[in-house]
Amino acid sequence: FSHLTPHHKANRPEVIPSYSSSAMSEAVLPDVMVPPAVGGLYGEKAGGPVVDFSYVGIDAILEQMRRKAMKQGFELNIMVVGQSGLGKSTLMNTLFKSKVSRKSVLATAQEKIPKTIEIKSISHDIEEKGVRMKLTVIDTPGFGDQINNENCWQPIMKFINDQYEAYLQEEININRKKRIPDSRVHCCIYFIPPTGHCLRPLDVEFMRRLSKVVNIVPVIAKADTLTLEERDFFKKKIREELRANGIDVYPQKEFDEDAEDRMINEKIREMIPFAVVGSDQEYQVNGRRLLGRKTKWGTIEVENIAHCEFAYLRDLLIRTHMQNIKDITSSIHYEMYRVRRLNENNTVVTHANGIPEHHLAAHEM
C-alpha cells in the first residue's frame, strides 16, 4: 500500500469488504487479500463496516481504572453526632440496609449514657455486585447529653485531627506503605433534634467549629414528628441560621468545580438539612415490601420522597457524591491540616537551630 500517503490514510475511513471489524480486532487475516483496485480497501466501494483508523484507545483508561479500583476496594468513614435517642444507629442501618451501627453489633442489655463523650468506631466489609467497601461508622455516645455541654465538641475535634495526624505520619515515612490505611473522617452526619423552632447554641457552635475540619451533613432526626408545614419552616430557619453564622456545610459552594456541579449542588443546598426518618423494619404495603414505621394512621415509607427526605440523603452520601466527599476530605481538609503541621515543624526546627525567624525570612528573600 505504498501508493497511499499517511495523510490520505488518516483522512479517509477504511472499508474492509471481506471480514468484519470484530474479526479485525482479533487480528484474523483473510485467506485471500483483495487488491485495492478490485475491493476498494480504502473506501472506493462501500462493501463492509467502516473502521475508524483515527481511533487511538485513550478511553480504555477508564476500564483499566475500574478494574484496579475493583481489586483494591473502597473505604468510607462516616461519623454520626447527636444526642442519644435521635435514631443515629437506626439511620446508619437504614442507609446500608444491614446492621452496621455499633449498637446493632455490640448491643448490651442496658446501655447507660456515658458521663463523658466517648468515640467508638466499628468497621465492616460490605459487598454489592462485586464492589467491596470497607465501611467504618464512628459513633459519639455522650455528646449533648450532659447538664453542662461546654466544649463537648473538643473530643470529636481531637479525634478527627488525630486521624489526619496518623495519615500524615504514614505519608512522611521514608519507607512508606504502598497504600496508606485511610482512617480520616470523610463525612460527619449531624443530627438536629426535631424541635421545629431553631438551632440550639450547641448545634451552632459544633457545626461552626467542625465545618472547618470535616464535611458536615446536617439532618433533622425523626422528622415524622413534624407536620409538613412545621418541617418546611424548620428547614428554612436552619438554613438562615447557618448563613448568619457563616457555617459552610457540605456541599460547600467554594468547592463547586464547574457550572454543572454548581447547578446540581445548588439543588442539594436548597434541601439541606434533610428531614429524615430511619427504620430497619420491613412492612407489606399494597403488595410491596418496604422499610417503614407503622403507626395507627398508616405506614411511613422511609424511601418515599413524599414521606421524608431519606432517599436524597442516601443518594448524596452513596450514589452521587461519595467520591467527591472523599476528594474534599483529602485535598481540602487534610491538606489544610498538613500545611499547618509542616509549618509548625519548620518553625520548631528553625528555633532549635538558633536562627531567628526574621533573619531566615531575609535570607530567603
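**Exercise 1. Work out how well helix α8 is covered, and by what.**

Helix α8 spans residues 201-210, and seven of its 10 residues are buried, which leaves the helix mostly covered. Buried here is under 20% relative accessible area, exposed is over 50%, and partly exposed is in between (1.4 Å probe, protein chains only). Helices (H or I, at least four residues) and strands (E, at least two) are DSSP runs, numbered from the N terminus.

A word on the ground rules: this is a predicted model, where local features need pLDDT of at least 70, side-chain atom pairs count only at pLDDT 80 or more, and totals for chains, interfaces and linings use all residues. Residues are numbered from 1 along each chain as its sequence is written, and side-chain values use heavy atoms, with hydrogens and water left out.

Step 1: list the buried residues of α8. They are Leu 202, Asp 203, Val 204, Glu 205, Phe 206, Met 207 and Leu 210.

Step 2: find what they pack against. The partners are β3 (74-81), α7 (154-171), β6, β7 and α9 (228-244), with contact meaning heavy atoms within 4.5 Å.

**Exercise 2. Lay out the six-stranded sheet and find its edges.**

Step 1: read off the order. This open sheet runs β4-β5-β3-β6-β7-β8, with mixed pairing; two strands pair if DSSP finds at least two bridges between them.

Step 2: look at the ends. β4 (120-128) and β8 (274-275) each have a single partner strand, so one side of each lacks a neighbour in the sheet.

Step 3: zoom in on one pair. β6 (residues 187-192) and β7 (residues 216-220) run in the parallel sense, joined over five bridges. Phe 191 has Val 219 in β7 as its bridge partner.

**Exercise 3. Do the same for the three-stranded sheet.**

Step 1: the order is β9-β10-β11, an open sheet with antiparallel pairing. β9 and β11 (298-301) are the edge strands, each pairing on one side only.

Step 2: take β9 (residues 282-285) with β10 (residues 288-295), an antiparallel pair over four bridges. Tyr 283 sits opposite Leu 290 in β10. Two residues lie between the strands of this hairpin, and Asn 286 takes a positive phi near 50° there.

Step 3: move on to β10 and β11, which also pair in the antiparallel sense over four bridges. Arg 293 finds its bridge partner in Ile 300 of β11.

**Exercise 4. Describe how α5 packs on α11.**

Step 1: get the geometry. α5 (residues 88-96) and α11 (residues 310-320) pack at about 70°, with axes 10 Å apart. Axes are lines fitted to C-alpha atoms, for helices over the stretch in contact, with angles from 0 to 180 degrees between N-to-C directions.

Step 2: name the residues in the contact. α5 brings Leu 91, Thr 94, Leu 95 and Phe 96, while α11 brings Phe 310, Leu 313, Arg 314, Leu 317 and Ile 318.

**Exercise 5. Compare the settings of Asp 139 and Thr 116.**

Step 1: place Asp 139. This residue lies in β5 (residues 131-139), and at 7% relative accessibility Asp 139 counts as buried. Leaving out residues up to four places away in sequence, Asp 139 touches Val 80, Lys 88, Arg 102, Glu 118, Ile 119 and Lys 120.

Step 2: place Thr 116. This one is in the loop between α6 (102-105) and β4, and its 54% relative accessibility makes Thr 116 exposed. Beyond four places in sequence, Thr 116 contacts Pro 141, Gly 142 and Gln 146. Thr 116 and Gly 142 are 26 residues apart in sequence, yet 5.9 Å apart in space, C-alpha to C-alpha.
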